[in-house]
Amino acid sequence: MCKGITSLPDSLGNLKSLIGLYLDHSSIKELPSSVGLLSHLKFFTASNCKSLCELPNCMSSLSSLVRLCLQGTSVSELNFQLGNFKSLEKLEMRDCTSIRSLPSSIGNMVCLTTLNLCNTSITELPDSIGLLERLWELKLHNCLNLHYLPASIGSLKSLCYLYMDETAVSELPNEIGMLSSLKQLKMRKKPRAGEDELLDMVDLHVGGRSKRVTLPGSFSNLSSLEFLDAHAWKISGKISDDFQNLSALEKLDLEHNDFCSLPSSLKRLCVLKDLFLPNCRKLKFLPELPSSLVRLNAANCSALEKIASISNLEYLEELQFSNCKKITDIPGLESWKSLVRLYTISCKACLPSIKRWISKDSLRHMKYLCVPGSDLPDWFIQEVPNVSTRKHCDIKGVIIGIVLSLDQQVEDNFRNKVPAIVDTSNAYQTRIYQDKFHRQLILLLYLQAKANENLTRLT
């Protein structure tokens, strides 16, 4: 990093064979017009050149350019013809907060594969973006002024990764279903504190429904989709049974949404491993789920009353129903052989169901067990731990049993978060996180296998 460099000489243009020009983290303010003479230049990067505010028009003549990185610069507009970059494959403008628009000529960049616009001030994407037939990655994270996607985005037949967390986009175009190669769609939003309650008040007093989101009918055509993150998108009503057509889906995150039911066809997603439904406070019924599931999280689903039998989930390792107070039974619990983490904090109504399942044999492979109650269970035998070991013998594993009594009436910042009661670091330091719903006694069984650790480090 040459932070002291503020300018380049005009003689730069004499370097006819120059392939790469890297100015990252320098204090350069402008480029000489002779830069346009670098006809063999393939790589130009000026990331975090905070003083660079504009690029000369002569850069349009750099027809051999393969990568153009302007990340973190103060460039406010691209005042040259991007369309002349026929060979450009990567255009990176992350953190260019002064850029508000892209020229329509971007559609002429026929070799472009990666376009990074994260944390820019763009308000829209030009319709010509649909001409980028080779584009396989589009990054729009934190484009807070971007309110919609153009219909032409459906023409991006090679697009595999669409990342648009924290944008102002509130509705997907129906053409989204034409993205036949799309593997990952990340469009996470942050839920605003008290927003759900405010919308409910508006609905009550105005007599109509405030705007809610539904997935477009074509969404089920995304047969290559492997990961969908629609966290806090306010998806409401019922999700179509056509959801089963997302046959490649491995991870589905629908946390903080307003739908009241899941499609029964969900069980046909035969490669789905992770299903995240926390804080879906209108969800009342959990249908039969695919046997491929490894992790199921439905914590804080306060309206959830009934669960279809999940005895078929033979690969399930983690189950979270914390604060689902209306659940009275977890059918199929006795059939689980792979479960290592079970969280049922504040689920007092289903405690009898859990007690029927709990035995020393079922706990043999458990690492985390969080259950409600005010007494130690009968199967818990308090014994004085013996931590002695023979001389010169390495310790292969440590079993830690912790019983906590928490005052759930004290306010803190964890009220709306999925409870993670205890965790243990590599140095065996215990960290405590509390949820604030009921006073309860929690038993955690944790198995930490770590070779060659000295027990004197246990704190």
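Hi everyone, let me start with one residue, Phe44. Leaving out residues up to four places away in sequence, Phe44 touches Leu21, Leu23, Leu31, Met59, Leu65, Arg67, Leu68, Cys69 and Leu70. Before I go on, please keep in mind that this is a predicted model.

So where does Phe44 belong in the bigger picture? The largest nonpolar core has 109 residues, and Phe44 is listed among those with the most contacts inside it, together with Leu140, Phe219, Phe243 and Phe321. Helix H2, residues 351-357, gives the most to this core, with 3 residues. As general background, nonpolar side chains tend to be buried together in soluble globular proteins.

Now the neighbour of Phe44 in the sequence. Phe43 sits in strand E2, which covers residues 43-45. Is Phe43 buried or partly exposed? Phe43 has 31% relative accessibility, so it counts as partly exposed. Along with Ile19 and Tyr22, Phe43 makes a nonpolar surface patch of about 290 Å².

Let me zoom out for a moment. The chain has 2 helices and 23 strands. Its length is 459 residues, and 49% of them count as buried. For those of you who like contact maps: taking contacts with a separation of 6 or more, 44% are between residues 24 or more positions apart. The exposed area of the chain is about 22400 Å², with carbon and sulfur atoms supplying 49% of it.

On to the cysteines. How many disulfides does a search of the whole structure find? The count is 0. Take Cys69, which we met as a contact of Phe44. Why is there no bond for Cys69? The closest cysteine sulfur belongs to Cys96 and lies 8.1 Å from the sulfur of Cys69, which is too far for a bond; the cut-off here is 2.5 Å. Cys69 is also buried, at a relative accessible area of 3%. Cys260, on the other hand, counts as partly exposed, because its relative accessibility is 32%.

One last stop, and this one is a charged residue type. Glu137 is in strand E6, residues 137-139. Glu137 has 13% relative accessibility, and therefore counts as buried. What is Glu137 in contact with, leaving aside neighbours within four places in sequence? The list is Thr113, Thr114, Leu115, Leu159, Tyr161 and Tyr163.

That's my tour, thanks for listening, and I'm happy to go back to any of these residues.

Definitions and conventions
Residues numbered from 1 in each chain as written. Predicted model: local features only at pLDDT ≥ 70, side-chain atom pairs only at ≥ 80, totals over all residues. Heavy atoms only, no water. Helix = DSSP H or I, 4+ residues; strand = E, 2+ residues; numbered from the N terminus. Buried < 20%, exposed > 50% of the residue type's maximum accessible area, 1.4 Å probe, protein only. Contact = heavy atoms within 4.5 Å. Areas by Shrake-Rupley, 256 points an atom, 1.4 Å probe, with all protein chains shown as cover. Core = buried A, V, L, I, M, F, W, Y, C linked by side-chain atoms within 4.5 Å. Patch = residues over 30% accessible without salt bridge, like charges linked within 9 Å, V, L, I, M, F, W, Y side chains within 5 Å. Salt bridge = Lys/Arg side-chain N within 4 Å of Asp/Glu carboxyl O.
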